[in-house]
Amino acid sequence: MYKFSTLRLTRAAIGLAAASALALAPMAAQADTTNATGTLTAGSLSELAPTITAFTGTLSGVNQTVHAAVGAWYVNDAVGDAAAYHVTVSAGAPTIAGTSIAGSLGTTWLSLTPTTATADPNNPVLTAGPVAVATPVALGATAASIDSAAAATGAGQWDFAADGGATKSLAITIPGDAVPGAYVDTLTYTIAAGA
């Protein structure tokens, strides 16, 4: 039994000595490489039109202007080509209960004051962004430009804040001889590439 214990201790000591020798010997570093690959496709040029609060007014026998608040909206240039773009708005024919009343209101009874865009918090490109037209824009059947971005300035998403407080960006011209009723008109926001 004594021999067996000694033999066991001797083997353990040899094992520890070998491990210690390996620990002291420098080990060569090893490396290998691999490729991370993928394909990124172009996104689109898009916008989200705002909601517009309903206006109210009372006929007074004279021409008047009432206002409606414009909600938040955005434009998004995810194409990746740094091209210029512009945003336009057009208005359809106003109706009361489905009957056109464009003749009594004129062709541009709505006027929009464009607002300034700010970079979306997640927009990685902090360039100049789209620039709003400086004066109110009359809206009618012909699309009117309200914002534009020069080449290499409008990439990413740009947000337009909702009207707040007393600010109401949409002006509605009501003739003194207008017909009472619930008025409806459709505004079309369009974003397109080009200067």
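Two strands pair if DSSP finds at least two bridges between them. Strands (E, at least two residues) and helices (H or I, at least four residues) are DSSP runs, numbered from the N terminus. The model is predicted: local features need pLDDT of at least 70, side-chain atom pairs count only at pLDDT 80 or more, and totals for chains, interfaces and linings use all residues. Residues are numbered from 1 along each chain as its sequence is written, and side-chain values use heavy atoms, with hydrogens and water left out.

**View 1. An open sheet of 3 strands, in the order E6-E5-E14.**
The pairing in this sheet is antiparallel. Strand E6 (99-100) and strand E14 (183-184) are the edge strands, and each pairs on one side only. Strand E5 covers residues 95-96 and pairs with E6 over 2 bridges. Thr 95 stands opposite Ser 100 in E6. Strands of a sheet pair through backbone hydrogen bonds, either parallel or antiparallel.

**View 2. An open sheet of 4 strands, in the order E1-E3-E12-E8.**
Here too the pairing is antiparallel. The edges are strand E1 (45-48) and E8, each pairing on one side only. E3 and E12 are joined by 5 bridges. Asn 76 stands opposite Gln 157 in E12. Strand E8 (residues 118-119) is joined to E12 by 2 bridges. Thr 118 stands opposite Asp 159 in E12. In E12, 4 of the 5 residues are buried (under 20% relative accessible area, 1.4 Å probe, protein chains only; exposed is over 50%, partly exposed in between). E12 is therefore largely enclosed by the rest of the structure.

**View 3. The ring pair of Trp 73 and Phe 160.**
Rings of Phe, Tyr and Trp (its six-membered ring) pair if their centres lie within 6.5 Å; planes under 30 degrees apart count as stacked, over 60 as edge-to-face and the rest as tilted. A search of the whole structure finds 5 aromatic pairs. In one of them, the ring centres of Trp 73 and Phe 160 are 3.9 Å apart and the planes are at 10°, so the pair is stacked. Trp 73 lies in strand E3 (residues 73-77) and Phe 160 in strand E12 (residues 156-160), so the pair ties together parts that are 87 residues apart in sequence. Both rings belong to buried residues: Trp 73 has 5% relative accessibility, and Phe 160 has a relative accessible area of 1%.

**View 4. An aromatic cluster of Phe 55, Trp 109 and Tyr 183.**
Ring pairs link these residues into the cluster. A pair of aromatic rings is described by the distance of the centres and the angle of the planes.

**View 5. The largest nonpolar core.**
A nonpolar core is a set of buried Ala, Val, Leu, Ile, Met, Phe, Trp, Tyr and Cys residues joined through side-chain atoms within 4.5 Å. The largest has 30 residues, and Leu 139 and Leu 170 have the most contacts inside it. Strand E4 (residues 85-91) supplies the largest share of this core, 4 residues. In soluble globular proteins, nonpolar side chains tend to be buried together.

**View 6. Ser 90 and its surroundings in strand E4.**
Ser 90 is buried, with a relative accessible area of 15%. Contact means heavy atoms within 4.5 Å. Leaving out residues up to four places away in sequence, Ser 90 touches Gly 140, Ala 141, Thr 142, Ala 143, Thr 186, Leu 187 and Thr 188. Ser 90 and Thr 142 are 52 residues apart along the chain, and their C-alpha atoms are separated by 5.9 Å.

**View 7. Positive phi at Ala 82 and Ala 152.**
Ala 82 is not a glycine, yet its phi is about 60°. Ala 82 is found in the loop between E3 and E4. With a relative accessible area of 39%, Ala 82 is partly exposed. Phi of Ala 152 is near 65°. Ala 152 is found in the loop between strand E11 (144-149) and E12. At 51% relative accessibility, Ala 152 counts as exposed.

**View 8. The whole protein, with 2 helices and 15 strands.**
Of its 195 residues, 30% are buried. Among contacts between residues at least 6 apart in sequence, 80% join residues at least 24 apart. The protein exposes about 12,300 Å² (Shrake-Rupley method, 1.4 Å probe). Carbon and sulfur atoms supply 61% of that area.
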